[in-house]
Amino acid sequence: RQYGGYDYSQQSGFVPPDMMQQQQPYTGQIYQPTQAYTPTSAQSFYGSNFEDEPPLLEELGINFDHIWQKTLTVLHPLKVADGSIMNETDLAGPMVFCLAFGATLLLAGKIQFGYVYGISAIGCLGMFCLLNLMSMTGVSFGCVASVLGYCLLPMILLSSFAIVFSLQGMTGIILTAGIIGWCSFSASKIFISALAMEGQQLLVAYPCALLYGVFALISVF
Amino acid sequence: RWGRARGAARGRAERALTLSAPAQGGGSAVIDMENMDDTSGSSFEDMGEMHQRMKEEEEDEAAEGEAGAAEEEDGEFLGMKGLRGQLGRQVADQVWQVGKKQASRAFSLYANIDILRPYFDVEPVQVRTRLLESMIPVKMINFPQKIAGELYGPLMLVFTLVAILLHGMKTSDTIIREGTLMGTAIGTCFGYWLGVSSFIYFLAYLCNAQITMVQMLSLLGYGLFGHCITLFVTYNIHFHSLFYIFWLGVGGLSTLRMVAVLVSRTVGHTQRLILCGTLAALHMLFLLYLHFAYHKVVEGILDTLEGPNMPPFQRVARDIPVVSNAVLNTTAKAIALTL
């Protein structure tokens with residue numbers, strides 16, 4: 001199906017407008033939305049009439065299908081992560097997850113969006129410094145923020161559980177510990193596969209566990 | 001010197017001074033000296049110097065030249081507000097570029113965290129070994145003991161202590177009036193680690209001990225492992241006697257280890273006494289402080305909540321049961337504790 005000159009027949013590949021000049025063939029990898037497909041009229045993209053403008057989500061670079069794929073990667077802790085996940089910096093998914101986390105806290109009666117924002121900002125900064133010091137190749141701040149944001153998803157399960165049940169008993173402690181382990185395991189798995197830091201998964205997982213532990217502290221208390 | 005002479009020569013000739021454009025840029029800006037207002041405040045000598053400086057700038061910064069040319073064209077496009085406006089803009093542009101260059105040089109020199117890179121190159125096995133070794137005091141104090149100069153383990157231990165403190169404060173509903181829980185916890189732990197390390201390093205310098213700053217940071221950081229264990233256990237199991245046992249046992253072991261390492265690196269009895277006495281006192285007192293400052297409210301609450309089973313109060317005149325005396329006493333005790 002054609003819309004405004006863009007071909008959606010390929011598998012959810014679309015190109016943000018500024019990448020239009022790369023006329024590479026689509027290779028079918030789902031984690032690289034920057035692989036181009038050739039629009040029919042690239043030059044008349046800007047300045048033409050209203051029907052030729054791309055949809056807003058496309059311009060913003062938000063691709064719900066990619067977000068969904070990356071979410072599934074996080075949710076399967078035993079699935080081997082692809083190193084090319086880190087090639088693109090996608091902050092829309094993490095933003096959605098942070099807002100969802102704040103919303104579930106709100107449902108439990110805690111208006112703590114500020115804490116979520118502050119802790120995630122400081123935590124991302126700390127992980128960024130640490131990973132730059134520990135890895136051979138550097139890492140960009142956007143990648144760190146993106147990965148940490150995606151791995152926040154199990155914490156949303158914890159805080160939604162906290163809406164109806166109190167987490168301050170023994171089952172709460174066990175559940176919290178399990179969820180923290182799940183989050184930090186996924187995050188460290190993605191980090192070491194992307195930064196080629198084999199053998200140091202525990203060393204990367206522990207700071208992630210501390211960061212997610214602080215989030216869990218907000219959910220529980 | 002060349003610039004001044006040239007400027008003076010030009011001033012004498014009173015010809016138009018042409019500032020050549022950079023290589024990539026667009027047109028050139030021509031400043032007609034004849035039209036220049038004498039009250040502009042810049043002498044011909046300054047013009048010459050500025051001209052020379054700008055030429056050097058153009059040779060250096062090829063990329064910013066485009067912006068400069070765009071700036072000049074912009075000035076021309078806006079219809080010259082007089083040469084003063086254009087000169088002022090060029091001078092401002094110049095000052096900005098020089099300042100930016102200097103700032104980026106200073107930043108890359110001082111804020112380069114890559115100098116810390118060698119201290120984070122560890123394996124998990126090494127970290128585990130060092131954690132366990134930090135609780136075992138060495139016996140041989142006659143030759144200097146080796147201290148691993150790494151910062152990953154100590155940094156993670158400080159953050160763990162922050163997390164444990166936060167957990168303790170949350171379970172005991174500690175209220176910090178001026179500040180936040182997180183800020184207090186981070187400030188306390190990092191302040192202790194960095195401050196006491198620096199202080200002991202200074203004392204070691206006075207007492208002629210062979211230890212570097214990184215080694216001291218590492219030693220004290222690993223010494224916090226005992227604190228983490230003690231606080232983790234005693235924040236959840238609230239017995240005073242248990243805390244004292246842990247304080248002496250676990251805290252004492254990690255302190256002994258640090259003291260032994262320092263003794264092995266210091267010569268002379270007085271110096272050893274000063275250094276190790278100070279470190280031991282600070283380390284043990286810090287654990288005591290952490291225990292008592294951050295969850296003392298718990299005891300009062302526990303006593304009130306877990307007191308003898310009392311029936312709910314009824315709103316009829318009745319004989320005051322014996323039980324309510326107990327409630328009164330424990331409430332008074334709780335209030336006294338909080339005051």
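## Two chains and their helix contacts

Start with chain A: among its contacts with a separation of 6 or more, 70% come from residues 24 or more positions apart. The model here is a predicted one. Chain A has eight helices and two strands, and along the sequence these run β-β-α-α-α-α-α-α-α-α. Chain B has 12 helices and two strands. From its N terminus the order in chain B is α-β-β-α-α-α-α-α-α-α-α-α-α-α.

Here are the two chains side by side.

| Chain | Residues | Buried | Contacts (separation of 6 or more) from residues 24 or more positions apart |
|---|---|---|---|
| Chain A | 221 residues | 47% of residues | 70% of contacts |
| Chain B | 339 residues | 37% of residues | 76% of contacts |

**A helix pair in chain B**

Two packed helices are described by the angle between their axes and the distance between the axes. In chain B, take helix α6 (residues 152-171) and helix α8 (residues 213-234): they pack at an angle of about 30°, and their axes are 8 Å apart. That angle makes α6(B) roughly parallel to α8(B). As for handedness, α6(B) and α8(B) make a left-handed crossing.

Which residues do the touching? On the α6(B) side they are Gly153(B), Pro154(B), Leu157(B), Val158(B), Thr160(B), Leu161(B) and Ile164(B). Facing them from α8(B) are Leu217(B), Ser218(B), Gly221(B), Tyr222(B), Leu224(B), Phe225(B), His227(B), Cys228(B), Leu231(B) and Phe232(B). Sort the residues of this α6(B) and α8(B) contact by class and you get 12 nonpolar, five polar and no charged.

**A helix pair in chain A**

Over in chain A, helix α2 (residues 64-75) and helix α7 (residues 170-195) cross at roughly 115°, and their axes come within 9 Å. From α2(A), the residues in the contact are Thr73(A), Val74(A) and Leu75(A). They meet Trp182(A), Ser186(A), Lys189(A) and Ile190(A) in α7(A). By class, this contact of α2(A) with α7(A) has four nonpolar, two polar and one charged residues.

**Cysteines without a bond**

A disulfide is a covalent bond between the sulfur atoms of two cysteines. How many disulfides does the structure hold over all chains? The count is zero. Why do Cys151(A) and Cys183(A) not make one? Cys183(A) has the closest cysteine sulfur to that of Cys151(A), but the two are 7.1 Å apart, so they are too far for a bond; a disulfide needs the sulfur atoms within 2.5 Å. Seen from the other end, the closest cysteine sulfur to Cys183(A) is in Cys151(A), again at 7.1 Å and too far for a bond.

Are these cysteines buried or exposed? Cys151(A) is buried, with a relative accessible area of 0%. Cys183(A) is buried as well, also with a relative accessible area of 0%.

**Ala209(A), across from Cys183(A)**

Ala209(A) sits in helix α8 (residues 201-220) of chain A. Its relative accessibility is 21%, so Ala209(A) counts as partly exposed; the cut-off for buried is under 20%. Along the chain, Ala209(A) and Cys183(A) are 26 residues apart, and their C-alpha atoms are separated by 7.5 Å. What does Ala209(A) contact, leaving aside its neighbours within four places in sequence? The partners are Ile180(A) and Ser184(A).

Definitions and conventions
Residues are numbered from 1 along each chain as its sequence is written. Chains are lettered from A and ligands numbered from 1 in the order in which they are written. This is a predicted model: local features need pLDDT of at least 70, side-chain atom pairs count only at pLDDT 80 or more; totals for chains, interfaces and linings use all residues. Side-chain values use heavy atoms; hydrogens and water are left out. Axes are lines fitted to C-alpha atoms, for helices over the stretch in contact, and angles run from 0 to 180 degrees between N-to-C directions. Helices (H or I, at least four residues) and strands (E, at least two) are DSSP runs, numbered from the N terminus. Angles under 35 degrees count as roughly parallel, over 145 as roughly antiparallel, 65 to 115 as roughly perpendicular and the rest as oblique. A crossing is left-handed if the near helix is turned anticlockwise from the far one by less than a right angle, and right-handed if clockwise. Contact means heavy atoms within 4.5 Å. Ala, Val, Leu, Ile, Met, Phe, Trp, Tyr, Cys and Pro count as nonpolar, Asp, Glu, Lys and Arg as charged, and the others, Gly among them, as polar. Buried means under 20% relative accessible area, exposed over 50%, partly exposed in between (1.4 Å probe, protein chains only).
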